[in-house]
Amino acid sequence: MPGEAAHARRLRKALDDAAAGIAGPDGVDSAGRIIVKAGYAGVPTYTLLDTLVIGGNTFLDATGARFVARFGTVSRKYKLDETNDHSPTPVYQVDGQRMFTAPAVSGAKAATMLINHVPAATTRGYAAPGNIRIRGGEWDPISAYVWQDTGAARARADKAPPMNALTFIHTQDIEIEGVTVYNVKWWHAVELNAVRRAVVQDSFFMGWVENPTAGLWQGEAVQLDLPSANNTWAGAADGTPTVDVRVLRNHVAASGSQPSWAKLIGSHTGGEKAGQVHARVLIEGNVVDDAKWDAIGPMNTTALVIRGNTVNRGCGGIYVSPMTAKAPGQPPVSVAANSLNGVEITSNTVTVARSAAGVTRHAVRINSVSEGGFDSKVTNTVVTGNTASGDSVNGKRYSYGPLVEFRPGVPPQND
């Protein structure tokens with residue numbers, strides 16, 4: 001990338017070589033991935049002026065390296081969300097139409113620090129080159145923009161564009177281990193969008209700049225997504241769900257300059273056809289501190305296990321819900337039920353605390369949805385062995401929708 005330091009250009013070249021099957025001095029790992037090492041003695045910070053692209057069969061070992069984004073920006077108008085709950089600060093100044101101006105990424109491949117290589121706009125399913133591993137590194141998308149700012153300007157990250165840190169789409173076999181992501185503005189630390197077989201483990205997601213344009217339900221550090229008209233980073237908007245995912249032993253908390261995330265993990269995008277549902281997801285052994293919303297909130301996700309996690313002082317604890325498939329339009333038109341089967345929530349410890357906005361949600365809530373003539377149920381459900389304390393919603397810490405069916409012989413927990 002023109003204008004970048006020599007070590008950043010060398011890293012890009014090494015990643016391009018690996019994508020082409022050319023091994024460098026660090027060889028190949030046991031899974032056949034070409035190793036590219038970003039960290040070394042005395043390594044300076046990688047200031048990225050454009051998105052890093054990682055190809056298939058590549059292991060980016062970023063241990064000891066630090067990455068910051070300094071992409072070009074343009075001004076864009078955004079609409080302030082006043083429908084959903086938000087933290088009371090920082091305050092945004094808006095015009096008569098409730099619009100405000102803030103930066104957006106310009107001239108980069110995408111508004112993300114790193115993305116996998118997707119060969120064409122027609123790439124569908126999980127067809128982009130996979131077998132990718134990323135280990136270690138500090139990933140910081142806003143510090144290059146805001147380090148001189150103070151007060152509300154810094155709290156809002158006024159000069160930084162909204163951006164993901166690590167994004168994967170239309171691919172498979174992704175491993176993310178031991179990364180530290182700081183202070184993402186509005187979006188996600190890790191987005192798995194149309195990904196098959198992925199693990200995110202032993203990582204730290206520290207600090208989040210709250211999105212004033214959407215509800216806190218979209219504030220996931222790790223997002224499970226599917227590509228539709230408005231959220232396709234590359235390839236086809238074909239609704240491919242994300243499946244076979246493990247999220248293990250990660251920690252979500254505040255950073256030194258920003259509060260914690262709304263959620264550790266979740267999904268807030270439904271499919272446009274029946275069957276576009278994320279599946280076979282294990283969320284285990286994670287710690288979530290001071291979540292602004294439901295700390296663990298995988299919607300539209302079947303064959304789901306949430307086990308042995310700790311939620312400290314979350315506005316809410318664990319929330320699971322189906323999402324009726326809807327065709328796009330104004331408003332979207334319900335087209336099919338997308339029921340969930342096999343939801344297990346076991347051995348979690350949840351402490352609920354009223355949020356800065358004065359909101360309290362349940363320690364465990366499983367919803368069901370009746371919409372547009374379609375009933376999206378949740379069946380074969382298990383809720384057992386959890387410990388819930390702290391605040392409640394009208395005296396209840398557990399809540400279940402009317403179409404939630406429990407596994408025979410395993411009575412659900414209740415207050």
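Rings of Phe, Tyr and Trp, with the six-membered ring used for Trp, pair if their centres lie within 6.5 Å. Keep that in mind as we look at this predicted model.

Q: How many aromatic pairs are there by this rule?
A: A pair of aromatic rings is described by the distance of the centres and the angle of the planes. Here the distance decides what is counted, with centres required to lie within 6.5 Å. By that rule the count is nine.

Q: Is the pair of Y46 and F67 stacked, tilted or edge-to-face?
A: Let's start with the centres, which are 4.9 Å apart. The planes make an angle of 15°, and planes under 30 degrees apart count as stacked. For Y46 and F67 the word is therefore stacked.

Q: How many residues apart in sequence are the parts that Y46 and F67 tie together?
A: Y46 belongs to strand β2, while F67 belongs to strand β5, residues 66-69. Because the two rings sit in these two strands, their pair ties together parts of the chain whose separation in sequence is 21 residues.

Q: Is F67 buried or exposed?
A: Buried means under 20% relative accessible area. Its partner Y46 has 2% and is buried. F67 has 0% relative accessibility, so F67 counts as buried.

Q: Which residues form one aromatic cluster with Y92 and F100?
A: Y92 and F100 make a tilted pair, 4.8 Å centre to centre with 50° between the planes. Both of these residues are buried. The cluster that holds them also includes Y78 and W186.

Q: Which strands stand at the edges of the open sheet of ten strands?
A: Follow the order of the sheet, β2-β5-β10-β12-β14-β17-β20-β23-β28-β33, where the pairing is parallel. A strand at an edge has a single partner, so one of its sides is left without a neighbour in the sheet. The strands at the edges are β2 (46-48) and β33 (387-390).

Q: What is the average twist in this sheet from one strand to the next?
A: The sheet is open and has ten strands. Going from one strand to the next, the twist averages 10°.

Q: Which residue in β23 stands opposite V288?
A: Strands of a sheet pair through backbone hydrogen bonds, either parallel or antiparallel. Strand β20, residues 287-289, runs parallel to β23 and is joined to it by three bridges. In β23, the residue opposite V288 is V311.

Q: How many of the seven residues of strand β27 are buried?
A: Strand β27 covers residues 340-346 and is mostly covered. Four bridges join it to strand β22 (residues 301-307), in parallel, and six bridges join it to strand β32 (residues 378-384), also in parallel. Of the seven residues in β27, the number that are buried is five.

Q: Which residue of β32 stands opposite L340?
A: We can look at both pairings of β27. With β22, the bridge partners are I306 and I345. With β32, the residue opposite L340 is V378.

Q: What is the volume of the largest pocket?
A: Its lining has 44 residues, and the closest to the centre are S228, N230, N231, H268 and T269. By class, the lining divides into 20 nonpolar, 17 polar and seven charged residues. The volume of the largest pocket is about 1400 Å³.

Q: Which elements give two or more residues to the lining of the second largest pocket?
A: This pocket holds about 520 Å³ of space. Its lining has 29 residues, with S87, P88, T89, E210 and K292 nearest the centre. The elements that give two or more residues are β14 (204-209) and β23 (310-314).

Q: Where is P90 found?
A: Most residues other than glycine have a negative phi, and most peptide bonds are trans. The bond from T89 to P90 is cis, with omega near -5°. P90 is found in the loop between β6 and β7.

Q: Is A194 buried or exposed?
A: A194 has a positive phi of about 55°, although it is not a glycine. The residue is found in strand β13, residues 190-201. Its relative accessible area is 0%, so A194 is buried.

How values were computed:
Residues are numbered from 1 along each chain as its sequence is written. This is a predicted model: local features need pLDDT of at least 70, side-chain atom pairs count only at pLDDT 80 or more; totals for chains, interfaces and linings use all residues. Side-chain values use heavy atoms; hydrogens and water are left out. On a 1 Å grid over the protein atoms alone, a cavity is a set of points where a 1.4 Å probe fits but cannot get out, and a pocket is an open set with protein on both sides within 12 Å along at least five of seven lines; lining residues have an atom within 4 Å of a point. Grid points are joined across faces, edges and corners, and a volume is the space filled by probe spheres set on the points. Ala, Val, Leu, Ile, Met, Phe, Trp, Tyr, Cys and Pro count as nonpolar, Asp, Glu, Lys and Arg as charged, and the others, Gly among them, as polar. Two strands pair if DSSP finds at least two bridges between them. Axes are lines fitted to C-alpha atoms, for helices over the stretch in contact, and angles run from 0 to 180 degrees between N-to-C directions. Rings of Phe, Tyr and Trp (its six-membered ring) pair if their centres lie within 6.5 Å; planes under 30 degrees apart count as stacked, over 60 as edge-to-face and the rest as tilted. Buried means under 20% relative accessible area, exposed over 50%, partly exposed in between (1.4 Å probe, protein chains only).
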